[in-house]
Amino acid sequence: MKIRVLSLFPEMLEGFFESSIMARAVKKGLVEYELVNIRDYAVDKHHKCDDEVFGGGAGMLMLPDPLGRCLDAQGARDKRTVFMTPSGRLFNQAYARDLAAEEELIVLCGHYEGVDQRIIEEYVDDEVSIGDYVLSSGEVAALVLVDAVFRLIPGVITGESLEEESFGGAEGANLLEYPQYTRPSLYGTMKVPDVLTSGHHANIAGWRLRESIRKTLAYRPELLASAGLPEEVKRLLAEIVIEGGSHEPYPEDPGRADKA
Ligand code: SAM
């Protein structure tokens, strides 16, 4: 996959592409990337890229001319082009899987108040939000999207790791990951559940599925509302509900709308 990120501050992105799993994916030839400085496409002597918003109001908006030239130079009309914006469609794992299937992806980062609407209408396929909050720039949001997408490209990390993680579709359901433990098996007075040290693979798998369902029920019950829930998950869910769904719920949800 080739990823181009269009930004006024490409230096904010460099470290990510040059480090860790991404750097390995690039070295292996699984990912190609280009960090494009939008300012290079501003033709005036000050390389101006923003101006006041028509109609008034605080803040500046990114100018359409440099952006249009930049997007044309990347061939954006023929490639999936994503604009990061808090008013976009909410990003999630299924969305990441969809984008990971593209051969080329252009990610446009906004700054200031965002970009002129005509650029969105002319070039953008997807307006994407990473959550219901406002960041100061699109670079951080773009990195979230690129990170979630590139790790799904075959060969970047093992397929097994992807299936066994939250939203990974274990057992065909959109569950949160089960609790995990490492050495020592006794930490203070807290002991690792016996089943995990038993070496009995079927029992371990059964425990993990049950704990995944319990955690999902406690933290993100809406994920269990899907009509396509596998029979085994439905059966265990019914048992857990009868038992009282005993995974600790969040003590307080900081995002709750009715919170005082
Ligand atoms: N005026 C915009 C609004 O109210 O929707 C907010 C602009 S924000 C200060 C500057 C840039 O940060 C946006 O153009 C966008 O690229 C990025 N951004 C901020 N929050 C974001 C979010 N939740 N998801 C994706 N991008 C975001």
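Buried here means under 20% relative accessible area. By that cut-off, helix α6 of this predicted model is mostly covered, with ten of its 13 residues buried. Besides α6, two pockets are worth a look: the largest comes in at about 450 Å³, and the second largest at about 280 Å³.

**Helix α6**
- The buried set in α6 is Gly-138, Glu-139, Ala-141, Ala-142, Leu-143, Leu-145, Val-146, Ala-148, Val-149 and Phe-150.
- From first C-alpha to last, α6 reaches 18 Å, close to the 18 Å expected for its 13 residues at 1.5 Å a residue.
- α6 (138-150) also helps line the second largest pocket, supplying at least two residues.

**The largest pocket**
- Seventeen residues line this pocket, and Phe-91, Asn-92, Gln-93, Phe-167 and Arg-220 sit nearest its centre.
- Helix α4 (residues 93-100) gives the largest share of the lining, three residues.
- Sorted by class, the lining is a mix of six nonpolar, six polar and five charged residues.

**The second largest pocket**
- This pocket, with a volume of about 280 Å³, is lined by 20 residues, and the closest to its centre are Met-84, Thr-85, Pro-86, Leu-135 and Ser-137.
- Strand β5 provides the largest share of the lining, four residues.
- Alongside α6, both β5 (80-90) and β7 (126-129) each put in at least two lining residues.
- As for chemistry, the lining here has ten nonpolar, nine polar and one charged residues.

Notes: Residues are numbered from 1 along each chain as its sequence is written. This is a predicted model: local features need pLDDT of at least 70, side-chain atom pairs count only at pLDDT 80 or more; totals for chains, interfaces and linings use all residues. Side-chain values use heavy atoms; hydrogens and water are left out. On a 1 Å grid over the protein atoms alone, a cavity is a set of points where a 1.4 Å probe fits but cannot get out, and a pocket is an open set with protein on both sides within 12 Å along at least five of seven lines; lining residues have an atom within 4 Å of a point. Grid points are joined across faces, edges and corners, and a volume is the space filled by probe spheres set on the points. Ala, Val, Leu, Ile, Met, Phe, Trp, Tyr, Cys and Pro count as nonpolar, Asp, Glu, Lys and Arg as charged, and the others, Gly among them, as polar. The expected span of a helix is 1.5 Å times one less than its number of residues. Buried means under 20% relative accessible area, exposed over 50%, partly exposed in between (1.4 Å probe, protein chains only).
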